[in-house]
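Visitor: I've got a model open and I'd like to quiz you on the labels people put on it. Can you walk me through the reasoning?

Guide: Sure, let's have it on screen.

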Amino acid sequence: MIPTLNQRVQQIVAEAQAKITSLTGAKVAFNIICNYKDFNEGTDKIINEVCGILNLKREDVLSRCREGQLVWARYILIRVFNEKLPNMTLQTIAEIMGFMGKNGVPDHSSIIHAKDKFIELFFFLSSSTAI
């Protein structure tokens, strides 16, 4: 059955609202985790904190699933690791996040993409007057 125009519009609105909620939650989570005092406790503690704030399972966040909330959680983790642990290489972040290339070597290009996407979306959200 082909959806009516009204059904399709409702679906688009629902998808947009879900994205806005996810973006807002990501912004809150990022601000909370950036105020976290001791980043020397290790990456496991940071991953657990982000998962707790966003109410997500650790194994889901570190999976390959592309669901919006999980992708945002990964973006937050990558940004926090890169910003708050400056001695950590992009390759190390890729290894922690499970971003492995076809040759089994951590894929740092995925980390670069995630950092850029985070900045683009985070600052878009920050400047948006709709929220």
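Visitor: Among contacts between residues at least 6 apart in sequence, what share joins residues at least 24 apart?

Guide: That share is 51% in the protein chain. Keep in mind that this is a predicted model.

Visitor: How many helices and strands does the protein chain have?

Guide: There are six helices and zero strands, so read from the N terminus the order is simply α-α-α-α-α-α. Of the 131 residues in the chain, buried ones make up 32%.

Visitor: Why is Thr43 called buried?

Guide: The cut-off for buried is under 20% relative accessible area. Thr43 has 17%, so the label buried fits. Thr43 lies in helix H2, and once you set aside residues up to four places away in sequence, Thr43 touches Phe81, Leu85, Met88 and Ile96.

Visitor: What makes Arg79 count as buried?

Guide: Here the value is 18% relative accessibility, again under 20%, so Arg79 counts as buried. Arg79 is in helix H4. Leaving out residues up to four places away in sequence, Arg79 touches Phe30, Phe118 and Ile119.

Visitor: And Lys27, why is that one called partly exposed?

Guide: Lys27 has a relative accessible area of 25%. Buried needs under 20% and exposed needs over 50%, so 25% falls in between and Lys27 is partly exposed. Lys27 sits in helix H1, residues 5-34.

Visitor: How far apart are Lys27 and Phe122 in sequence and in space?

Guide: They are 95 residues apart in sequence, and 6.9 Å apart in space, C-alpha to C-alpha.

Visitor: How do you know that Asn55 is exposed?

Guide: Asn55 comes out at 69% relative accessible area; exposed means over 50%, so Asn55 qualifies. Asn55 is in the loop between helix H2 (43-54) and helix H3 (58-61). Its phi is near 55 degrees, a positive value in a residue other than glycine. From Asn55 to Gln69, 14 residues away in sequence, the C-alpha to C-alpha distance is 9.8 Å.

Visitor: What makes the buried residues of H5 a one-sided set?

Guide: The buried residues of helix H5 (residues 90-97) are Ile93, Ala94 and Met97. They cover an arc of only 100 degrees around the axis, which puts them on the same side of H5. The general background is that an α-helix has 3.6 residues a turn, so residues three or four places apart point the same way.

Visitor: What comes just after H5?

Guide: Gly98, with a positive phi of about 80 degrees.

Visitor: Which residues have the most contacts inside the largest nonpolar core?

Guide: Ile76, Leu77 and Phe81, in a core of 31 residues. The elements that give two or more residues to this core are H1, H2, helix H4 (68-84), H5 and helix H6 (108-127). H4 supplies the largest share, 10 residues.

Visitor: Which residues is Phe81 in contact with?

Guide: Neighbours within four places in sequence aside, Phe81 is in contact with Thr43, Ile46, Ile47, Pro86, Met88, Ile93, Ile96 and Met97.

Visitor: Which residues make the contact between H2 and H4?

Guide: First the geometry: H2 and H4 pack at an angle of about 145 degrees, with their axes 10 Å apart, and H2 passes H4 in a right-handed crossing. H2 brings Thr43, Ile46, Ile47, Val50 and Leu54, while H4 brings Ala73, Ile76, Leu77, Val80 and Phe81. By class, that contact has nine nonpolar, one polar and no charged residues.

Visitor: At what angle do H4 and H5 pack?

Guide: About 145 degrees, with their axes 10 Å apart. The crossing of H4 past H5 is right-handed. Arg74, Leu77, Ile78, Phe81 and Asn82 of H4 make the contact with Leu90, Ile93, Ile96 and Met97 of H5.

Visitor: How many residues of each class are in the contact of H4 with H5?

Guide: Seven nonpolar, one polar and one charged. Arg counts as charged, so Arg74 of H4 is the charged one. Asn is not on the nonpolar or charged list, so Asn82 goes down as polar.

Terms used:
Residues numbered from 1 in each chain as written. Predicted model: local features only at pLDDT ≥ 70, side-chain atom pairs only at ≥ 80, totals over all residues. Heavy atoms only, no water. Buried < 20%, exposed > 50% of the residue type's maximum accessible area, 1.4 Å probe, protein only. Helix = DSSP H or I, 4+ residues; strand = E, 2+ residues; numbered from the N terminus. Arc of directions from axis to C-beta. Core = buried A, V, L, I, M, F, W, Y, C linked by side-chain atoms within 4.5 Å. Contact = heavy atoms within 4.5 Å. Axes fitted to C-alpha atoms, helices over the stretch in contact; angles between N-to-C directions. Left-handed = near helix turned anticlockwise from the far one by under 90°.
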